[in-house]
Amino acid sequence: QVNFEGKRFLLSFLSTMGKSVGRHTSISFLLLLALCISSLHGQESFTFGHIDSKQGLSQNSVFAVIQDDDGFMWFGTRNGLNRFDGHRFRVFGQEESAEISQNLSGADIRTLYYDSHIQKLWVCSLNGMLQYRPSTDDFRSFPFLHASKTSPQNVSVNCLHRDPSGTLWAGTRNGLYRWDEREAAFLLCLPPRNIDKFEIKAIYPAKEGWIWIGTNKGLFKFQS
């Protein structure tokens with residue numbers, strides 16, 4: 001493939017040769033053709049496929065995509081959770097308990113987080129959050145608690161992330177929560193500036209215990 005300086009030289013050369021007549025014109029055309037072929041040689045070709053509800057997807061609006069360690073592809077849609085094994089879709093929510101089905105069947109699932117730390121999938125919808133356990137092929141729900149250990153209503157999780165120390169953080173419409181192993185629940189944290197009253201859109205645990213928090217009212221930096 002011709003580099004930039006080589007192309008510029010050839011274009012200048014062709015411009016000069018283009019002023020000539022007879023056999024010189026033929027040479028110019030051949031060099032120009034070689035330059036075009038060289039430019040196209042390095043371009044990649046892409047193949048796109050289209051999958052929708054006709055192939056088994058529960059709904060065509062897909063908001064979250066992730067792959068687990070077993071190779072399964074997971075899709076969060078406006079109407080439930082889907083898993084693709086390379087051949088067919090499995091739609092969750094039809095065989096689970098009533099409580100789990102309420103969070104899966106017809107749920108608006110906006111976030112999927114595969115937790116490689118424990119090799120489990122977290123499913124976040126507008127109705128709450130569930131953890132998929134592949135060993136038992138079922139789901140488990142966990143409460144979100146305030147300082148008074150009371151559970152708020154309608155916790156919608158927007159983002160999940162583990163920090164370098166292994167702590168799992170959840171950004172929600174109700175504030176920032178931290179996973180507590182002893183309580184087996186997510187506990188509300190109370191950072192400065194009443195961030196618990198803001199809707200958290202993104203979190204990124206950085207070095208030395210700092211967590212960057214993107215909200216609907218600006219960016220915050222919180223030390224855990």
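What is the volume of the second largest pocket? Keep that in mind while we get our bearings; the tour comes back to the pocket at the end.

**Stop 1: the whole chain**

Start with everything shown as a cartoon. This is a predicted model, and its chain holds 3 helices and 16 strands. Of the 224 residues in the chain, 39% are buried. Among contacts with a separation of 6 or more, 40% are between residues 24 or more positions apart.

**Stop 2: strands S5, S6 and S7**

Select residues 109-115, which are strand S5, and then 120-125, which are strand S6. These two strands pair in the antiparallel sense over 6 bridges. For one rung of this ladder, pick Tyr113: its bridge partner in S6 is Trp122.

Now look at the turn. The hairpin of S5 and S6 has 4 residues between the strands, and Gln119 there takes a positive phi near 55 degrees. Most residues other than glycine have a negative phi. Is the Gln119 side of things buried, exposed or partly exposed? Gln119 has a relative accessible area of 47%, so it counts as partly exposed.

Add residues 128-133, strand S7. S6 and S7 are also antiparallel, with 5 bridges between them, and a hairpin of 2 residues joins S6 to S7. Ser125 has Gly128 as its bridge partner in S7. With partners on display, colour S6 by accessibility: 5 of its 6 residues are buried.

One step further along, select Asp137, in the loop between S7 and strand S8 (138-141). Asp137 is not a glycine, yet its phi is positive, about 50 degrees. Its relative accessibility is 32%, so Asp137 is partly exposed.

**Stop 3: Trp122 and the cores**

Show the side chain of Trp122. Leaving aside neighbours within four places in sequence, Trp122 is in contact with Thr111, Leu112, Tyr113, Asp115, Met129, Leu130, Gln131, Phe142, Leu160, Leu168 and Phe186.

Next, select Trp122, Met129, Phe144, Val157, Leu160 and Phe186 together. Within the largest nonpolar core, which has 15 residues, these touch the most other members. At least two residues of this core come from each of S6, strand S10 (157-162), strand S11 (168-172), strand S12 (175-180) and strand S13 (185-188). A second, separate core has 14 residues, including Trp74, Leu121, Leu130 and Tyr132.

**Stop 4: Leu104**

Move to helix H3, residues 98-104, where you will find Leu104. Leu104 has 0% relative accessibility and so counts as buried. Beyond neighbours within four places in sequence, its contacts are Gly80, Leu81, Phe92, Gly93, Ile109, Val123, Leu130 and Phe139. To try the distance tool, pick the C-alpha atoms of Leu104 and Val123: they are 8.8 Å apart in space and 19 residues apart in sequence.

**Stop 5: a five-stranded sheet**

Which strands stand at the edges of the next sheet? The sheet is open and mixed, with 5 strands in the order S9-S13-S12-S11-S10. Strand S9 (144-145) and S10 are at the edges; each has a single partner strand, so one side of each is left without a neighbour in the sheet.

Inside this sheet, zoom in on S11 and S12, which pair in the antiparallel sense over 4 bridges. Here Thr172 stands opposite Gly175 in S12.

**Stop 6: strands S14, S15 and S16**

Select residues 200-205 (strand S14) and 210-215 (strand S15), an antiparallel pair joined by 5 bridges. Ala202 has Gly214 as its bridge partner in S15. Their hairpin has 4 residues between the strands, and Glu208 in it takes a positive phi near 60 degrees.

Then add strand S16, residues 218-223, which pairs with S15 in the antiparallel sense over 6 bridges. The hairpin of S15 and S16 has 2 residues between the strands. Look for Ile213, which stands opposite Phe220 in S16.

**Stop 7: back to the pocket**

The second largest pocket has a volume of about 170 Å³. To see its lining, select His117, Ile118, Lys120, Trp122, Gln131, Arg140, Phe142, Arg162, Leu168, Trp179, Glu181 and Ala184. Coloured by type, this lining shows 6 nonpolar, 2 polar and 4 charged residues. Trp122 is a familiar face here: this residue lines the pocket and also belongs to the largest nonpolar core.

Conventions. Residues numbered from 1 in each chain as written. Predicted model: local features only at pLDDT ≥ 70, side-chain atom pairs only at ≥ 80, totals over all residues. Heavy atoms only, no water. 1 Å grid on protein atoms, 1.4 Å probe; cavity = no way out; pocket = protein on both sides within 12 Å on 5 of 7 lines; lining within 4 Å. Points joined across faces, edges and corners; volume = space filled by probe spheres on them. Nonpolar A, V, L, I, M, F, W, Y, C, P; charged D, E, K, R; others polar. Pairing = 2+ DSSP bridges. Core = buried A, V, L, I, M, F, W, Y, C linked by side-chain atoms within 4.5 Å. Buried < 20%, exposed > 50% of the residue type's maximum accessible area, 1.4 Å probe, protein only. Contact = heavy atoms within 4.5 Å.
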